[in-house]
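I opened the notebook for a session with one model. The plan is to look up a few places and write down what is there.

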Amino acid sequence: MIVVMKSDATAAQIEHIAAHITSLGLKPQVIQGTHQTVIAAIGEERPGLTEVLEPGDGVEKVLPIMAPYKRASSELKRERSVVKAHGLEVGGKRIAVIAGPCSVEDEEQIVNLARKLKELGATGLRGGAFKPRTSPYSFQGHKEAGLKMLATARAETGLAIVTEVMAPEHVDMVSEYADVLQIGARNMQNYQLLQAVGDSGKPALLKRGMSATVDEFLLAAEYILDRNNPNVMLCERGIRTYEDHTRFTLPLATVPYLHEKSHLPVVVDPSHGTGKSRLVTPMSRAAVAAGADALIVEVHDDPEHAVSDGAQTITPAGFKEMMDQCRRIAEAVDRTL
Ligand code: PEP
Ligand code: MN
């Protein structure tokens, strides 16, 4: 529910309504606009609440929030959110590009690659130190040692580090080294992890679960937002369908749809979304045209020998070409890259 206060409502009246909302078992969130203050009452909407709040002094009207996700909804906040992390800005006019290997392999690899990517216009460095692998026999990541390698790359290049955290008990450790905590597709509904990332206050890149609906995706984001962490980016990374010509199906209609339903920035991952390196650049172009606020792309000097996801990984030369092409599309949709 949103309580819209009159433009001449006093601070005492606003405070009184906020306290009343708390006494009704809901969480008040005061949003100061240029002309008016609105107070969001977060929690389960139940019949009769509107009638209780509407007569309050200084109240203009009470509106229901129809969406099941409240804090993520554009009904609550109309201006688009911009998430900022160590120079990486997602949600503004400039489209951000987060690039790097699927897995952090060794220090030399990640530092050299980071230098090249920075030169080619990347604003964030991705790389997994904790890897969620389908098979327990596949490489699981270098864990804390990998995080240290990422920190060195950050110190050398200034690029913001985006890396996955897989367990609530690792949130503190990963936060020490990372600028953005990635929550992987397989963990989108790991509610304890979502809450721990929320509590950390760190910017989060939440990937859509491969079998999750968009409403489930937004409700997962709601778990992080509800811990008073507003720094959430939504990442479309493809879903499971009957199609098998690509690893996943990348539904780009999600981008404008999410922009309509939510104020949160939207990131597209054309690497996992297609599973095929030659499809990465065309789908990056399409993502930019669809309004993506950022791209997250897997890049490796030698994809053939990458320890994970080589088939969907492009080379630095391929990345340069992708950037050049996306820059032209960005211009056509009034963005920069
Ligand atoms: C990754 O980014 O390397 C990754 C494992 O992604 P996802 O969770 O989307 O599969
Ligand atoms: Mn990967």
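The entries below follow the order in which I looked things up.

**Domains.** I noted at the outset that this is a predicted model. I looked up the division of the chain and found domain 1 at 2–63 and domain 2 at 83–332. I took the C-alpha centres of the two domains and read a separation of 37 Å.

**Lysine 70.** I went next to lysine 70, which sits in the loop between strand E4 (59–63) and strand E5 (83–85). Is lysine 70 buried or exposed? I read a relative accessible area of 11%; buried means under 20%, so lysine 70 counts as buried. I listed what lysine 70 touches, leaving out residues up to four places away in sequence: Ile42, Gly43, Glu45, Ile65, Leu76 and Glu222. One of these has a polar contact to record, since the side chain of lysine 70 reaches the backbone oxygen of isoleucine 65 at 3.2 Å. I also checked aspartate 269, which is 199 residues from lysine 70 along the chain, and found their C-alpha atoms 26 Å apart.

**Strand E14.** I then turned to strand E14, residues 294–298, and found five of its five residues buried. I sorted them by direction: Ala294, Ile296 and Glu298 point one way, while Leu295 and Val297 point the other way. Which strands pair with E14? I found strand E7 (residues 96–100) running parallel to E14, joined by five bridges. Within that pairing, alanine 99 stands opposite valine 297. I found strand E13 (residues 266–268) also paired with E14 in the parallel sense, over two bridges. There, valine 267 stands opposite alanine 294.

**Helix H3.** I checked the length of helix H3, residues 107–119. Its 13 residues should span 18 Å at 1.5 Å a residue, and the end C-alpha atoms are 18 Å apart, so the two values agree. I marked the buried residues of H3 as Gln109, Ile110, Val111, Leu113, Ala114 and Leu117. What do the buried residues of H3 pack against? I wrote down E7, strand E8 (124–126), helix H4 (144–157) and helix H11 (316–332). E7 thus appears twice in my notes, as a partner of E14 and as a packing surface for H3.

**Ends of H3.** At the start of the helix, I found a side-chain oxygen of aspartate 106 within 3.2 Å of the backbone nitrogen of glutamate 108. After the helix I looked up glycine 121 and recorded a positive phi, near 110 degrees.

Notes: Residues numbered from 1 in each chain as written. Chains lettered and ligands numbered in written order. Predicted model: local features only at pLDDT ≥ 70, side-chain atom pairs only at ≥ 80, totals over all residues. Heavy atoms only, no water. Helix = DSSP H or I, 4+ residues; strand = E, 2+ residues; numbered from the N terminus. Buried < 20%, exposed > 50% of the residue type's maximum accessible area, 1.4 Å probe, protein only. Contact = heavy atoms within 4.5 Å. Polar contact = N/O pair within 3.5 Å; in protein donor to acceptor, adjacent residues only side chain to side chain. Domains from an automatic or database assignment. Pairing = 2+ DSSP bridges. Expected span 1.5 Å × (residues − 1).
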